[in-house]
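Q: Please take a close look at one part of this model. I would like to know how the two chains meet in a shared sheet, and what packs around that place.

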Amino acid sequence: MTETADRLFQGADWDFPTLQRIHDACEKIARSELGLDVYPNQIEVITAEQMLDAYSSVGMPLFYKHWSFGKHFAFQEASYRKGLMGLAYEIVINSSPCISYLMEENTATMQTLVIAHAAFGHNHFFKNNYLFKQWTDADGILDYLEFAKGYVAQCEERHGRQAVEQTMDAAHALMSHGIDRYPGKKNLDLRAEEKRAGQRRLHEESVFNDLWRTVPTGPAKTSAVLSVERRRTLLGLPQENILYFLEKSAPRLQPWQRELLRIVRHIAQYFYPQSQTKVMNEGTATYVHYRIMTHLHEQGQISDGNFLEFLQSHTNVVFQPDFDDPRFSGFNPYALGFAMMQDIERIVTSPDDEDREWFPEIAGTGDTMGVLRSVWANYRDESFITQFLSPRLMRRLRLFHLHDDPAETAGIRVDAIHDERGYRRVRRELARQYDVGYIDANIEVVDVDLAGDRRLMLRHTVVKGAQLNEVDTRRVLQHLADLWSYDVSLVETDTADKVLKEYVLSPRTMAAAA
Amino acid sequence: MAIHIVDRRLNPGSKSLENRQRFLRRAKALVQGAVKKSSQDRDIKDVLEGGEISIPLDGMDEPRFRREGGTRDMVLPGNKKFIEGDMLPRPSQGGGKGSGPGEGDSEDAFRFVLSRDEFVDLFLDDLELPDLAKRKLAEAESEGIQRAGYATSGSPANISISRTVSRAMARRVALRRPRPEAIAELEAEAETCDEARRAELLAEIETLKAKARRIPFIDPIDIRYRRFESVPKPVAQAVMFCLMDVSGSMSEHMKDLAKRFYMLLYVFLKRRYRHVEIVFIRHTDRAEEVDEDTFFHGPASGGTLVSSALQAMHDIVRSRFRPADWNIYAAQASDGDNMTSDSPVTGHLLTDMILPVCQFFAYLEVGEAANYTFDMPDSSLWTLYERLRAEGAPLSMRKVSERSEIFPVFHDLFQRRGKHERAAP
């Protein structure tokens, strides 16, 4: 069975036919054994410099030009040259075909690992996870980037680089607030609307009772209140997608500036699912590459030596240092994701009583891949952890929850640990760390003073006392005011509507406003 | 299923070059400051080697809404001994956040590597050739000759044989000029065949020969001449004269100052001109052209006659560097001593011979470090040059006594100016 003739490659060298063989072997396992459903693959072999290039433009193969990418490139190049930073083995792009970049320095084993990881693991996740399906258009993204690049360049020609740069700087500053967090309201078509109106009328007629007319109502709303409400409705307020609001409602933007805001907004939206699924995405890819590599080894397609090389890389990837380890820098999404995927496999195939109690739906069903595929399709990090972090894994990782209240003088309280009383609380808190609702500041456009000085009013709802950094906030608001071209105010209020801080900024004159 | 494997390694590199340039342009003021600062610490030789610089992050920030403070909750792995309800002392403020998942604020300075070209560009960016009256010479263009296709007329020397012959052949083929081989073949056949056939053949041969005569092998209309056009060619070479007083009164320190100035000038010229030559002329009471090593280190002693150096420069210019072909730059370094009797000669040489052919003439008066140079009365040479300048001679002059002053002085001399503003003393 372990004929050397069956080997995909010998030693560390590879060439393009080898990559093809590796891909085909991986694909066979991915389809037959794991039942993965992937976009067509495109594998691109690149150099270290090109990898750095890709890093600096958020991994995308083509991107519009902007100085901040140059800044990141210079920074990363410096740290790479100093040896402070290694480069990733691969970058994978959520597009159709799914593009994976492979570094030319990788050994044959590493290329196998990377193909299994990116071209099948990530690829399957991109194609099947509901967030990606909902928010990204894998077929269109490369064309859109191409368009964006061309459009930005064209704007620079027409309107001057400085004007475009100012707009892009402002848009970038607001990028994290240019995302629709909820699927948009579907535009109702007129026929359905008419039908609904008819149904409503029928319902009113059927439940008509003259008695209701005599029930006293509250004091009538004054016309002022009504007009405020009407204005806010017309402007679509409150609106947490600040870039969208500016694009649609900023009074003095040029059409091309609106289009630039739109481009930045779309790209931010494209990356939105990735930030919500780091643990799952890496967990999926790591689990898939582990299964594929193990299988290749069992079939004798890779040698023992190559398999050991793989195991070493794999172990490095899924290493999770303890909190008091100098290497600790938060949870390693590879480690957590992979551990949870393996844990699910264990629960499905050989559960114990605790698992049966905690996970009655999946414990012992035996269909590992079926369960995993549905998990990969229907969850994001927050819900995944809430649902599937098992007590056994919490014990293994020895998780504990710290509560740091600045008002508490005695210090930081250990709120829960990995014991019977703590499992649910630890799990809830860990899930919250991955909840986008908590990660990003909750800032909304609440109103515009149309009758007065056209001031744009924003509100930051402070959660758990975390206020905005003042210096940065002023800078961002300055950008915002430049786009809005009238004053902008931001109030920070706590949950009881008490105003904690207020910022007001006036616009600078923009080059483009002339 | 289809899979594409693409080799991107051969794609043109530095895809992000433009982004980098944008970044540098944007951070120009900061980067320039950093370049100047880092160049002060280096040897001039290494100044232009590029290398790592650091700029404050502050000017290049990309602000975002960031939150800080407040109540924090975190879940961490690797519990060893904690149980629920334990109170842990907060890590001291100086010690950082300890185990907390800090925001990851990086260092407050941003370090990156500049290439040699980028470094030189930034280093010399706001400098420009001086705005002198003779400025047009700097842009002077000489006529050059360049091939420009073919013409139907021209000098016989310019006949393009290949073009002419190929046109002739085309014409012969088109007009069906009988080939000599064909005629020879017919003639050979006529030798051997019978009478009737021979008469026929002879008639045919005659027609062919007549046709061949009518259609010449080379016709005047075939002839083509190589055409030349004269194009203006910018003068892309410069010569730099380094004049230095090496009499006993010049110390090593003074020579070092002069050397630094020459180097900067060389680098600056090198950036503008494709080809830069350097001529070293040292003088005491006699002047001689020497190589670089002798220039800076060779021993010499004697009196001081500045005019000798100017005369030597003038001779060299006349014999080797035609002002029409060369951009001439000169930098003179001296401690200012000169024989009083020499002044009229020096003044005459300078205003009448040297300055009219020079793009730029700089005089650098070097002094001892921490000397009270500026309180002392002006030296004889300084007084002379000052007078010439006042009379309108396009001279640039500065006094230097410290190593660190060299760059500012250089910078000052070549600073980009308004159109009509002249170099101020």
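A: Here is the shared sheet, followed by the helices and the wider contact between the chains.

This is a predicted model: local features need pLDDT of at least 70, side-chain atom pairs count only at pLDDT 80 or more, and totals for chains, interfaces and linings use all residues. Residues are numbered from 1 along each chain as its sequence is written, while chains are lettered from A and ligands numbered from 1 in the order in which they are written.

Start with the sheet. It is open and holds 4 strands, in the order β4(B)-β4(A)-β5(A)-β5(B), with antiparallel pairing. β4 and β5 of chain B stand at the edges, each with a single partner strand, so one side of each has no neighbour in the sheet. Strands here are DSSP runs of E with at least two residues, and helices are runs of H or I with at least four; both are numbered from the N terminus. Two strands pair if DSSP finds at least two bridges between them.

Now the two strands of chain A. β4(A) covers residues 400-404 and β5(A) covers residues 412-417; 4 bridges join them in the antiparallel sense. H403(A) has R413(A) in β5(A) as its bridge partner.

A helix covers this sheet. α19(A) lies across β4 and β5 of chain A together with β4 of chain B, and runs at about 110° to β4(B). Axes are lines fitted to C-alpha atoms, for helices over the stretch in contact, and angles run from 0 to 180 degrees between N-to-C directions.

α19(A) also has a helix partner. Its residues are 423-433, and its axis comes within 8 Å of the axis of α17(A), residues 381-388, crossing at roughly 170°. The two helices are therefore roughly antiparallel, a label for angles over 145 degrees; under 35 counts as roughly parallel, 65 to 115 as roughly perpendicular and the rest as oblique. E382(A), I385(A) and T386(A) of α17(A) meet R427(A), R428(A), L430(A) and A431(A) of α19(A). That contact has 3 nonpolar, 1 polar and 3 charged residues. Nonpolar means Ala, Val, Leu, Ile, Met, Phe, Trp, Tyr, Cys and Pro; charged means Asp, Glu, Lys and Arg; the others, Gly among them, are polar.

Follow α17(A) one step further. The buried residues of α14(A) pack against α17(A), and also against α12, α13, α15, α16 and α18 of chain A. α14(A) spans residues 333-349. Its buried residues include F338(A), M341(A) and I344(A). A residue is buried if 20 or more other C-beta atoms lie within 10 Å of its own, exposed if 12 or fewer, and partly exposed in between, with C-beta atoms placed from the backbone.

The chains also pair elsewhere. Strand β8(A), residues 467-468, is joined to β3(B) by 2 bridges, and the two run antiparallel. There, L468(A) stands opposite R67(B).

Last, the whole contact between the chains. 53 residues of chain B are in contact with 79 residues of chain A. Contact means that the C-beta atoms of two residues, placed from the backbone, lie within 7 Å. On chain B, β1, α1, β3, β4, β5 and β6 each supply at least two residues of the side that touches chain A. α1(B) gives the most, with 6 residues. By class, that side of chain B divides into 22 nonpolar, 11 polar and 20 charged residues.

Terms used. Expected span 1.5 Å × (residues − 1).
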